[in-house]
Amino acid sequence: MMKMAAGSGRRGGFSKFCQKVYKYRYLYLLALPTILYFAIFRYAPMSGFVLAFKKYSPFKGIANSPWIGLDLFKEMFADPFFFTMLRNTCVIAFLKLVFYFPVPIILAVALNEVRHNSLKRVLQTVVYFPHFLSWVVAASLTYFTLSVNVGFVNQIRYALGYEQFAYLIDSNSFWPMILIQTIWKESGWGTIIFMSAITMIDQQLYEAAIIDGASRMQRIWHVTLPGIRTTIITLLILRLGQVFDVGFEQVLLMQNSMVRDVAEIFDTYAYNQGIMQGQFSLGVAVGLFKSCIGLVFLAGSNWLVKKLGFEGIY
């Protein structure tokens with residue numbers, strides 16, 4: 001009797017599930033492309049993480065390649081260049097988190113304060129445009145800006161009587177150059193979410209602040225920023241979950257032999273070892289290591305945010 005009741009309960013639950021799916025069928029149909037995208041391009045490739053624990057051979061295939069346990073991770077940690085990669089990745093991630101992350105917030109608040117709609121649209125178009133340029137174009141523009149032979153910065157230095165400076169092969173210039181590139185290219189696009197959050201703030205709060213005599217800066221500090229605080233926290237947590245994703249294409253294009261000691265990161269190492277050298281398993285091991293670090297940061301930041309009394313992402 002108990003088994004029959006349990007079976008009928010499962011059938012009843014499945015029937016209710018089907019009824020809900022049918023009731024909201026148009027919403028599920030609308031979400032279907034997104035679901036398929038994540039299923040095919042995000043979750044299905046995760047099965048390849050098994051290569052991190054195998055000595056992969058293209059001739060034997062994934063299933064028949066021998067298991068080697070944690071040998072690849074030991075090899076990665078024993079690499080003399082490992083701590084250099086770790087330092088470079090951490091420094092670039094720190095610079096982007098501290099100096100780049102606040103820029104879209106400041107830019108969104110500044111655009112929101114523009115009262116002329118025509119001027120606001122023009123400014124938004126100008127700051128959005130660099131996002132649609134590929135990193136190849138961005139790297140080319142950097143070359144034509146800073147190179148010794150054709151860079152207009154060095155041409156100006158020469159015209160003013162200063163010596164030309166090789167920015168592109170100077171180790172001390174690499175990290176600031178990567179940061180400036182990121183701010184220039186992605187800050188405008190990053191304002192979209194914050195601009196949307198600002199539009200959701202109750203306008204009566206601004207009216208009340210004006211009646212109380214609040215200045216424009218006081219309205220920004222006490223109304224606008226608290227109004228988008230949840231959005232800022234959510235995006236910060238998500239950013240910490242991708243803390244080691246510091247821009248593979250960008251760094252690879254700007255990298256050269258003269259700055260390798262400050263430009264080699266985990267992504268470029270995985271590319272050089274996994275694709276160029278054919279050590280696919282080692283490349284996967286590096287990617288898995290990065291993912292584990294990101295998961296730790298994501299869970300830790302979400303836990304800390306909840307402990308501070310704010311709402312996390314789960």
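Start by selecting Val246: with a relative accessibility of 1%, Val246 counts as buried (buried is under 20% relative accessible area, exposed over 50%, partly exposed in between, using a 1.4 Å probe on protein chains only). You'll find Val246 in the loop between H13 and helix H14 (248-254); helices here are DSSP runs of H or I with at least four residues, strands are E runs of at least two, and both are numbered from the N terminus. A quick word on the model: it is predicted, so local features need pLDDT of at least 70 and side-chain atom pairs count only at pLDDT 80 or more, while totals for chains, interfaces and linings use all residues. Residues are numbered from 1 along each chain as its sequence is written, and side-chain values use heavy atoms, with hydrogens and water left out.

**Around Val246**

Now show the contacts of Val246, meaning heavy atoms within 4.5 Å. Leaving aside neighbours within four places in sequence, Val246 meets Thr89, Ile92, Ala93, Lys96, Val251, Ile265 and Asp267. Add Leu97 and draw a C-alpha to C-alpha distance: Val246 and Leu97 are 149 residues apart in sequence and 9.9 Å apart in space.

Next, pick Thr89, in helix H5. Buried or exposed, this Thr89? Thr89 is buried, at a relative accessible area of 0%. Its C-alpha sits 6.9 Å from that of Val246, with the two positions 157 residues apart along the chain. Not counting residues up to four places away in sequence, Thr89 touches Phe244, Val246, Ile265 and Phe266. Zoom in on Phe266, too: its backbone nitrogen lies 3.5 Å from a polar atom of the Thr89 side chain. A polar contact is a pair of N or O atoms within 3.5 Å; within protein, one must be able to donate a hydrogen and the other to accept it, and residues adjacent in sequence count only if both atoms are side-chain atoms.

**Along H10**

Jump to Ser187, which is in helix H10 (residues 171-199). Ser187 is buried, with a relative accessible area of 3%. Which backbone oxygen does the side chain of Ser187 reach? That of Ile183, at 2.6 Å. Beyond residues up to four places away in sequence, Ser187 touches Tyr100, Val103, Pro104, Leu107 and Thr182.

Stay in H10 and select Met195. At 11% relative accessibility, Met195 counts as buried. Setting aside residues up to four places away in sequence, Met195 touches Ala108, Leu111, Asn112 and Gln124. For a contrast, measure across to Gly151: Met195 and Gly151 are 44 residues apart in sequence and 36 Å apart in space, C-alpha to C-alpha.

Follow that Met195 contact to Asn112, found in helix H6 (residues 102-112). Asn112 is buried, at a relative accessible area of 16%. Apart from neighbours within four places in sequence, Asn112 is in contact with Lys120, Met195, Ile198 and Tyr206.

**Into the pockets**

Switch on a surface. The second largest pocket has a volume of about 270 Å³. Of the 15 residues lining the second largest pocket, the closest to its centre are Asn112, Glu113, Arg115, Gln203 and Tyr206. H10, helix H11 (203-211) and helix H12 (216-227) each give at least two lining residues there. On a 1 Å grid over the protein atoms alone, a pocket is an open set of points with protein on both sides within 12 Å along at least five of seven lines, a cavity is a set where a 1.4 Å probe fits but cannot get out, and lining residues have an atom within 4 Å of a point.

Then go to the largest pocket, with about 1700 Å³ of space. Of its 42 lining residues, Leu238, Arg239, Gly241, Gln242 and Asp245 are the closest to the centre. Which helix gives the most to this lining? Colour H17: it supplies nine residues.

**Zoom out**

Finally, show the whole chain as a cartoon: 17 helices and zero strands. The radius of gyration is 25 Å, well over the 20 Å that the globule rule gives for 314 residues, so the protein is more spread out than a compact globule. The C-alpha trace spans about 95 × 70 × 35 Å along its principal axes. Of the 314 residues, 35% count as buried.

Definitions and conventions:
Points joined across faces, edges and corners; volume = space filled by probe spheres on them. Rg over C-alpha atoms; globule rule 2.2 N^0.38 Å.
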